[in-house]
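Reader: Please take me through one part of this model in close detail. I would like the strands, the loops beside them and the backbone geometry treated together.

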Amino acid sequence: MTSRRDFFKFAGIAGGAVAASSVSRVAMAALPEPVIQSSPDTMAPLVPNSGRPYNPVVTLNGWTLPWRMNQGVKEFHLVAEPVVREMAPGMKAHLWGYNGQSPGPTIEVVEGDRVRIFVTNKLPEHTSIHWHGQRLPNGMDGVAGLNQPAIQPGETFVYEFVARRPGTFMYHPHADEMVQMAMGMMGFWVTHPKARHPLIDEVHRDFCFLLSAYDIEPGAATPKVAEMTNFNMWTWNSRIFPGIDSLNVRLNDKVRIRIGNLTMTNHPMHVHGHEFVVTGTDGGPTPKSTRWPEVTTDVAVGQMRQIEFLADEEGDWAFHCHKSHHTMNAMGHDVPTLIGVDHSGLAKKINNLIPDYMAMGERGMADMAEMEMPIPDNTIPMMTGQGPFGSVEMGGMFSVLKVRRDQKHGDYKDPGWFKHPEGTVARKYTGPIAEPARFSAEGGQSMPRVRKPAAPTEVNVRKPTSQGGH
């Protein structure tokens with residue numbers, strides 16, 4: 001985990017009008033300097049050095065926005081601007097975000113805090129910020145044209161309200177929303193309880209990240225903003241595996257993971273090796289009578305799910321969206337299925353014209369993880385990542401929960417690969433194998449057909465051309 005000191009830099013605001021009713025121009029002359037972050041690494045938790053204390057979160061491949069206290073008000077400064085986000089080593093995307101990154105920094109406050117957020121617009125068009133899930137005055141809700149005038153390029157607006165209830169929330173534009181969210185404008189907000197809460201347990205590790213999706217053509221760097229269904233970059237905090245950091249915890253830690261979804265589809269989030277309970281949504285903590293053990297929970301569009309579990313099984317445990325095409329990247333929706341098709345003769349003929357041609361897909365897609373085919377610049381392979389036993393044929397929304405006995409309290413560094421005890425790894429069997437017994441026929445039909453077909457029908461399965469179902 002990278003030191004915050006190594007990557008923070010400060011940038012002043014040049015010019016720009018100020019639109020605010022509750023803060024005078026004299027006060028605005030002393031805007032808090034915006035903190036800009038350019039590293040894609042997971043930053044250490046920001047322990048509060050002013051205001052009320054709380055146990056901070058860790059934003060996966062992200063960071064928490066520092067603040068200043070001004071006469072009892074917690075002041076933040078967000079800058080909406082074009083950013084370059086490294087999605088994984090070998091690929092960078094030209095996005096829009098806040099304070100140098102997409103998603104923007106996490107904002108952490110305490111229940112009852114009066115919060116003042118300055119928002120400076122450095123985009124080429126107007127914007128606004130909606131504080132998703134918050135209880136606040138109507139004029140602070142951030143829907144441009146409805147609750148406020150839009151923030152024009154070069155302007156700074158100020159939002160001010162009291163964080164009235166604890167929970168996990170999000171922020172995103174409500175101006176040209178389809179374009180700006182498709183370009184990566186979003187961020188996390190956590191309001192910690194001011195005292196012990198009957199529905200909010202204390203935990204040892206508290207992680208958060210946002211689900212987002214992009215349509216970026218191979219070799220390109222800017223997302224298509226008019227896309228509705230055919231996304232090919234499924235990300236956590238605008239990172240794709242193997243660029244997503246692992247979640248590193250100590251054995252028997254109580255772990256909380258907060259997941260927000262700002263994509264255009266749902267995501268069944270699945271943890272290996274452990275059961276969890278859903279302890280919160282963006283509506284607040286869940287009643288204990290509604291909690292039951294799960295290994296997968298669905299996070300729908302615009303929702304947040306907070307899960308908690310005891311990390312009591314050592315090892316490297318997969319953690320991913322269970323929609324299989326969301327654990328891929330650089331996907332091509334028009335690629336035909338060639339499984340079972342012998343095109344070796346055709347490949348030989350094509351090789352006479354194109355010496356580097358390689359036949360793909362006749363045995364499945366796993367071969368693609370091993371091939372060293374040339375690909376466009378600024379593109380990473382569809383399946384990538386190297387584990388201790390070979391290629392990890394995943395991409396997109398996939399990471400690893402690393403549970404270690406010797407991980408220190410408060411230490412979030414990657415401990416490396418798990419060293420399995422002797423005899424606990426699946427291995428190749430070399431002994432005799434009997435021929436498996438097989439059923440000679442399927443079971444009978446409960447209602448036989450009146451007319452039987454003249455010949456048996458063989459079905460050829462074809463992938464639908466429309467992607468409207470995911």
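Author: What follows is a close look at one open sheet and its surroundings, with a second sheet taken up afterwards. The model is a predicted one.

The sheet has 5 strands in the order β16-β26-β23-β18-β21, and its pairing is mixed. Its edges are formed by β16 (247-250) and β21 (296-299), each of which pairs on one side only. From one strand to the next, the twist averages 20 degrees. Strands of a sheet pair through backbone hydrogen bonds, in either the parallel or the antiparallel sense. At the β21 edge, β18 (residues 267-271) and β21 pair in the antiparallel sense over 4 bridges. Within this pairing, His270 stands opposite Thr296 in β21.

His270 also has a partner outside β21. His322 touches both His270 and Pro268, leaving out residues up to four places away in sequence. His322 itself belongs to the loop between β23 and α4 (344-353). The C-alpha atoms of His322 and His267 are 7.2 Å apart, although 55 residues separate the two along the chain. His322 counts as partly exposed because its relative accessibility is 46%, between the limits of 20% and 50%.

Two strands of the sheet also take part in a pocket. The second largest pocket has a volume of about 770 Å³. Its lining comprises 35 residues, and Ser246, Asp316, Val400, Lys402 and Trp417 are the ones that lie nearest its centre. At least two lining residues come from each of β23 (315-321), β24 (384-387) and β26 (398-404).

The other edge strand, β16, has backbone features of interest in the loops on both sides. Ser238 is in the loop between β15 (233-236) and β16. Its phi is near 55 degrees, a positive value in a residue other than glycine. Ser238 is buried, because its relative accessible area is 1%. Pro242 lies in the loop between β15 and β16 as well, and the peptide bond joining Phe241 and Pro242 is cis, with omega about 10 degrees. On the far side, Asn252 lies in the loop between β16 and β17 (253-261). Asn252 is not a glycine either, yet has a positive phi of about 70 degrees. With a relative accessibility of 44%, Asn252 is classed as partly exposed.

The second sheet can be described along similar lines. It is an open sheet of 4 strands, ordered β8-β13-β12-β10, with mixed pairing. Here β8 and β10 (130-132) are the edge strands, each pairing on one side only. Neighbouring strands of this sheet are turned by 25 degrees against each other on average, direction ignored. β10 and β12 (residues 167-172) pair in the antiparallel sense over 3 bridges, and Trp131 stands opposite Tyr171 in β12.

The edge strand β8 also has loops worth following. Pro103 is in the loop between β7 (91-98) and β8, where the peptide bond from Ser102 to Pro103 is cis, with omega near -5 degrees. Asp113 lies in the loop between β8 (107-110) and β9 (114-121). Asp113 is buried, because its relative accessible area of 10% falls under 20%. The side chains of Asp113 and Lys74 are joined by a polar contact of 3.0 Å. Beyond its neighbours within four places in sequence, Asp113 is in contact with Arg52, Lys74, Phe161, Val162 and Ala163.

Methods:
Residues numbered from 1 in each chain as written. Predicted model: local features only at pLDDT ≥ 70, side-chain atom pairs only at ≥ 80, totals over all residues. Heavy atoms only, no water. Buried < 20%, exposed > 50% of the residue type's maximum accessible area, 1.4 Å probe, protein only. Polar contact = N/O pair within 3.5 Å; in protein donor to acceptor, adjacent residues only side chain to side chain. Contact = heavy atoms within 4.5 Å. Pairing = 2+ DSSP bridges. Axes fitted to C-alpha atoms, helices over the stretch in contact; angles between N-to-C directions. 1 Å grid on protein atoms, 1.4 Å probe; cavity = no way out; pocket = protein on both sides within 12 Å on 5 of 7 lines; lining within 4 Å. Points joined across faces, edges and corners; volume = space filled by probe spheres on them.
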